[in-house]
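Trainee: I would like to go through this chain with you, one question at a time. Please give the cut-offs as we meet the terms.

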Amino acid sequence: MINDIAPHRFSNIWKNDIIPQPDDYVVIFKDSDVLVKCAGEGDSFTLPCVFDIDNKITLKYLFMVDDKAYFTSLEIPENVGEALKYVSVRAYRQAEHLIGFPIITASQLHRWYVGNRFCGKCASPMTDSKTERALVCSKCGRTIYPTISPAVTVAVIDNDERILLAKSAVGTFKKFALVAGYTEIGESFEETVTREVAEEVGLKVKNIRYYKSQPWGVSSTEMVGFFAELDGSDEVTLQREELSEARWFTPEEIEEPDDISLTFEMIRMFKEGRVKEWKKDF
Ligand SMILES: [Zn+2]
């Protein structure tokens with residue numbers, strides 16, 4: 001998964017007094033693009049360092065990976081050198097995890113900072129907390145924390161032989177994936193699983209088992225992965241507003257999944273016949 005960067009270590013511990021060093025990294029966003037540094041031939045790139053960036057912009061500390069700090073800015077540098085260019089944030093899919101994971105995680109914090117310049121209660125400017133990753137209203141003291149929206153991804157399996165895969169009708173991602181959806185108010189994750197599967201494909205599930213979670217900065221989400229077994233009829237009824245297609249797949253019919261998302265790790269487990277073995281531990 002994109003957040004698996006071992007032996008490198010991600011640290012989100014808040015630091016109030018960190019001073020950017022020339023070889024720390026900077027993740028700058030402009031609309032849905034990110035500023036990168038071309039790395040030799042082809043489309044490969046790295047992230048720019050502090051010394052690559054116009055020193056007139058204010059940098060905001062994000063997190064560390066190993067001993068390097070990552071910063072962003074709510075400003076856009078006026079001049080970027082020839083070695084720097086903007087590419088779609090979606091390029092995280094082609095980058096090494098050590099570059100892709102900081103990009104999507106920085107994008108989540110950047111969206112949060114940009115969307116919360118003013119207090120939602122009294123409209124006064126928000127300021128950085130001195131003690132934690134939070135924004136504090138300069139007038140009424142209201143404190144807010146980074147937005148993380150939980151969502152489930154669920155592998156519905158029929159008799160250890162078939163898995164249900166679905167294609168989204170919205171957005172840019174057009175591969176077959178798992179049924180997924182946001183947790184709504186007043187709901188447990190298991191209830192989200194039952195509701196999403198019923199709404200999107202009209203099926204009932206049983207034996208819902210938690211597998212793993214994944215931070216997914218692209219949509220400010222914490223993805224929570226579950227395996228579940230089909231309960232009753234296998235007839236799929238598609239929710240057309242959400243999905244363009246959904247059907248059952250045998251392991252042989254599944255295309256080679258990538259190694260970026262929790263969803264594809266779970267699909268790979270089924271394809272390679274490892275779900276049965278994992279279930280034995282229960
Ligand atoms: Zn306020």
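What follows is a set of questions and answers on the overall layout, the core, the strands and the helices.

Trainee: What kind of model is this, and from which number are residues counted along each chain?

Mentor: This is a predicted model, in which local features need pLDDT of at least 70 and side-chain atom pairs count only at pLDDT 80 or more, while totals for chains, interfaces and linings use all residues. Along each chain, as its sequence is written, residues are numbered from 1.

Trainee: How many helices and strands are there in the chain?

Mentor: Helices (H or I, at least four residues) and strands (E, at least two) are DSSP runs, numbered from the N terminus. The C-alpha trace spans about 60 × 50 × 35 Å along its principal axes. The chain has four helices and 17 strands.

Trainee: How far apart are the centres of domain 2 and domain 3?

Mentor: Domain bounds come from an automatic or database domain assignment. That assignment gives domain 1 (10-114), domain 2 (115-146) and domain 3 (149-272). Taken over C-alpha atoms, the centres of domain 2 and domain 3 are separated by 36 Å.

Trainee: What percentage of the residues of the chain count as buried?

Mentor: A residue is buried if 20 or more other C-beta atoms lie within 10 Å of its own, exposed if 12 or fewer, and partly exposed in between, with C-beta atoms placed from the backbone. The chain has 282 residues, and the buried share is 30%.

Trainee: Which element gives the most residues to the largest nonpolar core?

Mentor: A nonpolar core is a set of buried Ala, Val, Leu, Ile, Met, Phe, Trp, Tyr and Cys residues joined through C-beta atoms within 7 Å. The largest one has 30 residues, of which Val154, Ala155, Val156 and Val179 touch the most other members. Elements giving two or more residues to this core include strand S12 (149-158), helix H2 (189-201), strand S16 (221-230) and helix H3 (262-271). With six residues, the element that gives the most is S16.

Trainee: Which residue in S16 is the bridge partner of Val154?

Mentor: Two residues are in contact if their C-beta atoms, placed from the backbone, lie within 7 Å. Leaving aside neighbours within four places in sequence, Val154 is in contact with Leu178, Val179, Val193, Glu196, Val197, Phe226 and Ala228. S12 and S16 run parallel and are joined by nine bridges. In S16, Val154 has as its bridge partner Phe226.

Trainee: Which residue in the turn of the S15 and S16 hairpin has a positive phi?

Mentor: Two strands pair if DSSP finds at least two bridges between them. Nine bridges join S15 to S16, and the two run antiparallel; Trp216 has Thr221 as its bridge partner in S16. The hairpin leaves four residues between the strands, and the turn residue with a positive phi, about 55 degrees, is Ser220.

Trainee: Why is S16 described as largely enclosed by the rest of the structure?

Mentor: The description of S16 rests on its count of buried residues. S16 is largely enclosed because, of its 10 residues, the number buried is eight.

Trainee: Which strands stand at the edges of the open sheet of four strands?

Mentor: The open sheet has the order S1-S6-S7-S2, with mixed pairing. Each edge strand has a single partner strand, so one side of each is left without a neighbour in the sheet; these are strand S1 (10-11) and strand S2 (25-26).

Trainee: What span should the 13 residues of H2 have?

Mentor: The expected span of a helix is 1.5 Å times one less than its number of residues. The end C-alpha atoms of H2 are 18 Å apart, which agrees with the expected value of 18 Å.

Trainee: Is Glu191 buried, partly exposed or exposed?

Mentor: Glu191 has its place in helix H2. Buried residues of H2 include Val193, Glu196 and Val197. Glu191 has 14 C-beta neighbours inside 10 Å, so it counts as partly exposed.

Trainee: Which residue just after H3 takes a positive phi?

Mentor: H3 is mostly covered, with seven of its 10 residues buried. Among what covers those buried residues are S12, S16 and helix H4 (275-279). Just after H3, the residue with a positive phi, of about 70 degrees, is Gly273.
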